[in-house]
Amino acid sequence: MTDTEPEDTSPRAARLPSAERHAQILDAAMEEFAGRGFAGARMAAVATRAGVTKGLLYHYFPGGKTDLFEAVVTACVEPVLTEARQVAGSFKGSARALLQALIELGYARLEAAPPREQVLMKLLLTEADRFPELARFYRDRVLQPALRLTDSVLEAGVESGEFRVEAVRQPGLAHVLLAPILMGSIWRMMLEARDAPDLPAMREAHLHLALRALEC
């Protein structure tokens with residue numbers, strides 16, 4: 001425990017290292033947000049679920065409930081953004097193959113997404129109009145990084161002569177390339193499994209349309 005960290009003498013907290021305690025708090029926060037929504041969630045309830053004091057909770061998340069929610073979202077989305085950056089950074093093939101790999105990664109992540117991530121997306125969709133700070137956070141930490149990475153791959157394709165410049169410079173193209181994956185996530189939340197779109201079929205149609213539209 002650091003000098004600035006308030007002491008938490010609860011039995012559950014005392015036996016956990018800081019990193020594990022942090023993860024435990026995020027798990028507890030997810031349960032609270034899933035059960036009560038962003039508006040109804042309470043920091044005291046999260047502390048109880050996590051078995052820590054409210055003071056310790058505010059030590060980790062001084063901005064309160066908004067900081068905590070953003071941390072939960074970050075914990076869910078940062079791994080896939082990091083993986084996508086790593087794929088792009090180490091990729092040795094063509095820009096076309098890289099774009100395909102990233103789209104396939106998006107669908108693979110969507111198929112493997114645990115229920116907690118679907119809950120987070122649902123909360124963002126339903127609460128963002130009442131809590132604009134959530135929308136800004138999603139824009140800055142999730143959407144914009146994904147768009148920048150997509151744009152960089154498209155520009156690389158122009159430079160290598162693989163993609164048509166007039167197609168790549170079409171305003172909104174990066175958004176259009178990401179949109180089917182986002183809609184796949186929304187449909188999976190709205191519909192039962194038997195009625196939800198077939199993700200492998202969506203992926204193949206997505207790749208076919210995108211790559212054919214871009215190729216020289």
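**Exercise 1. The order of elements**

Determine which elements follow one another from the N terminus of the protein.

*Solution.* Step 1: in this predicted model, the elements run α-α-α-α-α-α-α-α-α-α-α from the N terminus on. Step 2: counting by type gives eleven helices and zero strands. Step 3: for the overall extent, the C-alpha atoms fill a box of roughly 65 × 40 × 30 Å along the principal axes.

**Exercise 2. Cysteines and disulfides**

Classify Cys76 and Cys216 as buried, partly exposed or exposed, and state how many disulfides are counted.

*Solution.* Step 1: a residue is buried under 20% relative accessible area and exposed over 50%. Step 2: Cys76 has a relative accessibility of 7%, so Cys76 is buried. Step 3: Cys216 has a relative accessible area of 65% and is therefore exposed. Step 4: a disulfide is a covalent bond between the sulfur atoms of two cysteines. Step 5: the criterion is a pair of cysteine sulfur atoms within 2.5 Å, and by this rule the count is zero disulfides.

**Exercise 3. Gly64 and its surroundings**

Locate Gly64 among the elements, and decide whether Gly64 is buried or exposed.

*Solution.* Step 1: Gly64 is placed in the loop between α4 (54-60) and α5. Step 2: the relative accessible area of Gly64 is 5%, so this residue is buried. Step 3: Gly64 and Arg42 are separated by 22 residues in sequence, while their C-alpha atoms are 9.4 Å apart in space. Step 4: across the whole protein of 216 residues, 40% count as buried.

**Exercise 4. The largest pocket**

Describe the volume of the largest pocket and identify which helix gives the most to its lining.

*Solution.* Step 1: the volume of the largest pocket is about 900 Å³. Step 2: its lining consists of 33 residues, and those nearest the centre are Val80, Gly106, Val142, Ala146 and Ile181. Step 3: at least two lining residues come from each of α5 (65-90), α6 (95-112), α7 (115-127), α8 (132-159) and α10. Step 4: α10 gives the most to the lining, with eight residues.

**Exercise 5. A nonpolar patch**

Name the residues of the nonpolar surface patch that includes Trp187, and state in which helix Trp187 is found.

*Solution.* Step 1: the patch is formed by Met183, Trp187, Met190 and Leu191, which together have about 370 Å² of accessible area. Step 2: Trp187 belongs to helix α10 (residues 173-190). Step 3: partly exposed residues fall between the cut-offs for buried and exposed. Step 4: Trp187 has a relative accessibility of 32% and therefore counts as partly exposed.

Conventions: Residues are numbered from 1 along each chain as its sequence is written. This is a predicted model: local features need pLDDT of at least 70, side-chain atom pairs count only at pLDDT 80 or more; totals for chains, interfaces and linings use all residues. Side-chain values use heavy atoms; hydrogens and water are left out. Buried means under 20% relative accessible area, exposed over 50%, partly exposed in between (1.4 Å probe, protein chains only). Patches are made of residues with over 30% relative accessible area and no salt bridge: like charges are joined within 9 Å, nonpolar side chains (Val, Leu, Ile, Met, Phe, Trp, Tyr) within 5 Å. Accessible areas come from the Shrake-Rupley method with a 1.4 Å probe; for residues, only the protein chains shown count as cover. A salt bridge is a side-chain nitrogen of Lys or Arg within 4 Å of a carboxyl oxygen of Asp or Glu. Helices (H or I, at least four residues) and strands (E, at least two) are DSSP runs, numbered from the N terminus. On a 1 Å grid over the protein atoms alone, a cavity is a set of points where a 1.4 Å probe fits but cannot get out, and a pocket is an open set with protein on both sides within 12 Å along at least five of seven lines; lining residues have an atom within 4 Å of a point. Grid points are joined across faces, edges and corners, and a volume is the space filled by probe spheres set on the points.
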